[in-house]
Amino acid sequence: MNSLSNQQQIWQQQFPSLYNSGDIHLDKLIASSTLINVTAKQRIIMLGSQCSDYLLVAEGRMRVQFLTKSGREVVLYHLNSGDDCVLTTSCLFADEEFPAEAITETDMTVIAISANVFHETLQVSDTFRRFVFSTFGRRLTHVISRMESLCTTSIEHQLVSVLLTLGKKSPHIVITHQQLASEIGTVREVVSRQLKKLENNTLIELGRGKIELLDIEALGALR
């Protein structure tokens with residue numbers, strides 16, 4: 001019979017390098033952490049919020065996005081199980097407010113570590129320090145690459161790339177034109193025109209709030 005608590009099991013499964021480190025400082029951090037369960041489609045971090053916790057995703061998926069001055073939503077990145085939030089980490093480092101918003105896309109379980117414990121453990125644990133800075137560096141590189149892609153890649157290529165990524169599990173994608181527009185940093189009307197073009201070429205089939213990928217090989221040639 002497994003004697004581990006649910007919280008310990010999550011740490012062991014999602015962050016084994018921290019759970020099995022043998023570091024007493026990390027043992028204290030894990031013991032003081034809190035599990036937060038959130039339902040889908042919730043804004044769990046608002047623009048201008050104070051970052052009071054270091055966040056790790058245990059289960060589920062969320063997106064971090066910002067709103068431009070023209071009112072356009074632009075997705076910066078997604079977080080899945082095992083990820084941390086680079087903007088939250090940055091805000092904790094600089095003691096700044098959150099510059100975007102985070103929205104759950106599925107039901108989620110998030111591990112929250114208080115800012116005080118986060119900073120204290122950074123000072124005394126080499127293992128935790130390496131984990132935080134390595135994940136921060138990888139996520140920051142990903143965000144920069146994504147912004148570069150949004151600025152230099154055509155709308156059609158970006159759209160096809162998103163469709164193929166979403167269609168990896170199933171060619172039947174449940175998503176709205178507005179959600180796709182946020183993913184690639186444009187407006188819904190532009191996405192609708194591009195999708196109609198792909199449908200006219202029999203590469204996809206459009207439905208209400210859904211898209212069917214009909215020819216994945218041909219779509220891949222457009223990316």
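Select Glu-101 and Gln-65 to begin: their side chains make a polar contact at 2.9 Å. Bear in mind as you click around that this is a predicted model. Now add Arg-43, whose side chain is also in polar contact with the side chain of Glu-101, again at 2.9 Å. Glu-101 itself sits in strand E6, which covers residues 101-104. Is Glu-101 buried or exposed? With a relative accessible area of 15%, it falls under the 20% cut-off, so it counts as buried. To see what surrounds Glu-101, show Arg-43, Ile-45, Leu-47, Arg-63, Val-64 and Gln-65; it touches each of these, leaving out residues up to four places away in sequence.

Next stop: Phe-98. Which residues have the most contacts inside the largest nonpolar core? They are Trp-11, Tyr-54, Val-64, Tyr-77, Phe-98 and Phe-128, in a core of 41 residues. Colour those six, then zoom in on Phe-98. Setting aside neighbours within four places in sequence, Phe-98 is in contact with a list that includes Ile-45, Met-46, Leu-47, Val-64, Cys-85, Leu-87 and Cys-91. Gly-48, Ser-49, Cys-51 and Thr-88 are also among the contacts of Phe-98. A separate core of 20 residues lies apart from this one, and Leu-150, Ala-181, Val-191 and Leu-213 are among its members. As background, nonpolar side chains tend to be buried together in soluble globular proteins.

Stay with Tyr-54 for a moment and pull up the strands. Its bridge partner in E7 is Ile-113. Strand E7 (residues 108-114) pairs with E3 in the antiparallel sense, over six bridges. Now select E3, residues 53-59: five of its seven residues are buried, so this strand is largely enclosed by the rest of the structure.

From there, hop to Asp-83. Look for it in the loop between strand E5 (73-79) and helix H4 (86-94). Where does its side chain reach? The target is the backbone nitrogen of Asn-80, at 2.8 Å. Beyond its neighbours within four places in sequence, Asp-83 is in contact with Phe-15, Leu-55, Leu-56, Val-57, His-78 and Arg-139.

Time for a sheet. Select E8, E10 and E9, in that order: these three strands form an open sheet with antiparallel pairing. Strand E8 (172-174) and strand E9 (204-207) are the edges, each pairing on one side only. On average, neighbouring strands here are turned by 20° against each other, ignoring direction. How many bridges join E8 to strand E10 (residues 210-213)? There are three, in the antiparallel sense. To find one opposing pair, pick His-172, which stands opposite Glu-212 in E10. Then bring in helix H9 (residues 188-200), which packs on the sheet and touches E9 and E10. The direction of H9 makes about 125° with that of E9.

Last selection: Leu-164, in helix H7 (residues 155-166). Its relative accessible area is 10%, so Leu-164 is buried by the under-20% criterion. Show Ile-216, Leu-219, Gly-220 and Arg-223 as well, since Leu-164 touches these four when residues up to four places away in sequence are not counted. If you fancy a distance label to finish, draw one C-alpha to C-alpha from Leu-164 to His-177: the two are 13 residues apart in sequence and 15 Å apart in space.

Methods: Residues numbered from 1 in each chain as written. Predicted model: local features only at pLDDT ≥ 70, side-chain atom pairs only at ≥ 80, totals over all residues. Heavy atoms only, no water. Helix = DSSP H or I, 4+ residues; strand = E, 2+ residues; numbered from the N terminus. Polar contact = N/O pair within 3.5 Å; in protein donor to acceptor, adjacent residues only side chain to side chain. Contact = heavy atoms within 4.5 Å. Buried < 20%, exposed > 50% of the residue type's maximum accessible area, 1.4 Å probe, protein only. Pairing = 2+ DSSP bridges. Axes fitted to C-alpha atoms, helices over the stretch in contact; angles between N-to-C directions. Core = buried A, V, L, I, M, F, W, Y, C linked by side-chain atoms within 4.5 Å.
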